[in-house]
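Subject: Handover of a structure

Dear colleague,

Please find the structure below, passed to you for your consideration. A short account of what was found in it comes after it.

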Amino acid sequence: MKRHLISATDLTRDDAVLILDTAEELARVADRPIKKLPTLRGRTVVNLFFEDSTRTRISFEAAAKRLSADVINFSAKGSSVSKGESLKDTALTLEAMGADAVVIRHHDSGAPHRLATSGWIGGCVVNAGDGTHEHPTQALLDAFTLRRRLSAGGAGRGGDLAGRRITIVGDILHSRVARSGVQLFTTLGAEVTVVAPPTLMPIGVERWPCAVDYQLDAVLPKSDAVMMLRVQRERMNAAYFPTEREYARRYGLDGARMARMPEHAIVMHPGPMNRGMEITAEVADSPRCTAVEQVAGGVSVRMAVLYLLLGGAEPAVTTRTAETRTAEEGA
Ligand code: NCD
């Protein structure tokens, strides 16, 4: 595996399967009364968030803490960044504090790459979403849920997504989730289709390793999973569709549309959801929607990524240590 995780293309099929298998092992920790492992004790993980986040930030924090790392949370709001401090000076400060890993979310595409290649910091860099570019750990946690839900027999372990048909719908233009998802799911053997109104389809999409369609209704019956994306108004400076109602009518997923999907097919959403826009409350709250399950898987997947990048000397889990056993018995 590479030293940094910047793009889903950094991962070979074997890397991705290793992360997913490790995440499965680590997920078992979540079922224990004491959810902590000593694996990254003494290591420092900095969460560097220049853009708003709920799920991703909390999930990286929970992941690092469950592995016993020291966690420093930095958010641009309320820091010297609002006084004009540059990424470089912020990075040098983190380096002075001895960060072993920096998890970065930034509004500029390319910021994590800059951090990883600048020499400003010595630790490994994990991209937690950069502009409209990539969000590789989101793709990994989505693959984790896909594998659990769609693997033959539902065993939840081993293998890849070979032959699974995954449809990603909505604001593809502004979506780092779509960019990372298309790459990773393809690496894992899935057949991916992206669906959007022509105005929300990126230029050059024909060079992506996926099929492109503009008619949602035509693709639904041929999908094992349908991932609905949020319409990212904060990244829009023009009118990309006539009205919200018109968007929902053509590209939103409601109960009637969901009924066109095969019985086993699931509905995914990375969150945050715009209920009533790309997804109705009926679909969001239905048992076929895996949004909450995706969040839970996110903690295990991020534990696996941190563990593998920081090269924990001990095995990730396998057996309970004497220490956790004592702690659990005392609990
Ligand atoms: C996504 C993001 O921030 O890119 N959300 C997430 O990480 N769970 C998608 C979005 O904001 O719509």
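The following paragraphs describe the ligand site, one residue that contacts its surroundings, two helices and the start of the chain.

This is a predicted model, in which local features need pLDDT of at least 70 and side-chain atom pairs count only at pLDDT 80 or more, while totals for chains, interfaces and linings use all residues. Residues are numbered from 1 along each chain as its sequence is written, and side-chain values use heavy atoms, with hydrogens and water left out.

The ligand occupies the space of the largest pocket. A pocket here is an open set of points on a 1 Å grid over the protein atoms alone, where a 1.4 Å probe fits and protein lies on both sides within 12 Å along at least five of seven lines; a molecule sits in it if more than half of its atoms lie within 2 Å of its grid points. Among the residues that surround the ligand are T56, R105, H135, Q138, R176 and R230, where a residue is near a molecule if one of its heavy atoms lies within 4 Å of it. The side chain of R176 places a polar atom 2.6 Å from a ligand oxygen, and an N or O atom in the side chain of R230 is 2.7 Å from an oxygen atom of the ligand. Of the 320 Å² of accessible area that the ligand has on its own, the protein covers 93% (Shrake-Rupley method, 1.4 Å probe).

E51 belongs to the loop between β1 (44–49) and α2 (55–66). With 18% relative accessibility, E51 counts as buried (under 20% relative accessible area; exposed is over 50%, partly exposed in between; 1.4 Å probe, protein chains only). Its side chain makes polar contacts with the side chains of R176, at 2.8 Å, and of R235, at 3.3 Å; such a contact is a pair of N or O atoms within 3.5 Å, one able to donate a hydrogen and the other to accept it.

Helices are DSSP runs of H or I with at least four residues, and strands are E runs of at least two. In α5, 13 of the 15 residues are buried, so this helix is largely enclosed by the rest of the structure. For α1, 11 of the 15 residues are buried, and it is therefore also largely enclosed.

Finally, R3 lies in the segment before α1 and is partly exposed, at 48%. The C-alpha atoms of R3 and L310 are 8.5 Å apart, although 307 residues separate them along the chain.

Yours sincerely

How values were computed. 1 Å grid on protein atoms, 1.4 Å probe; cavity = no way out; pocket = protein on both sides within 12 Å on 5 of 7 lines; lining within 4 Å.
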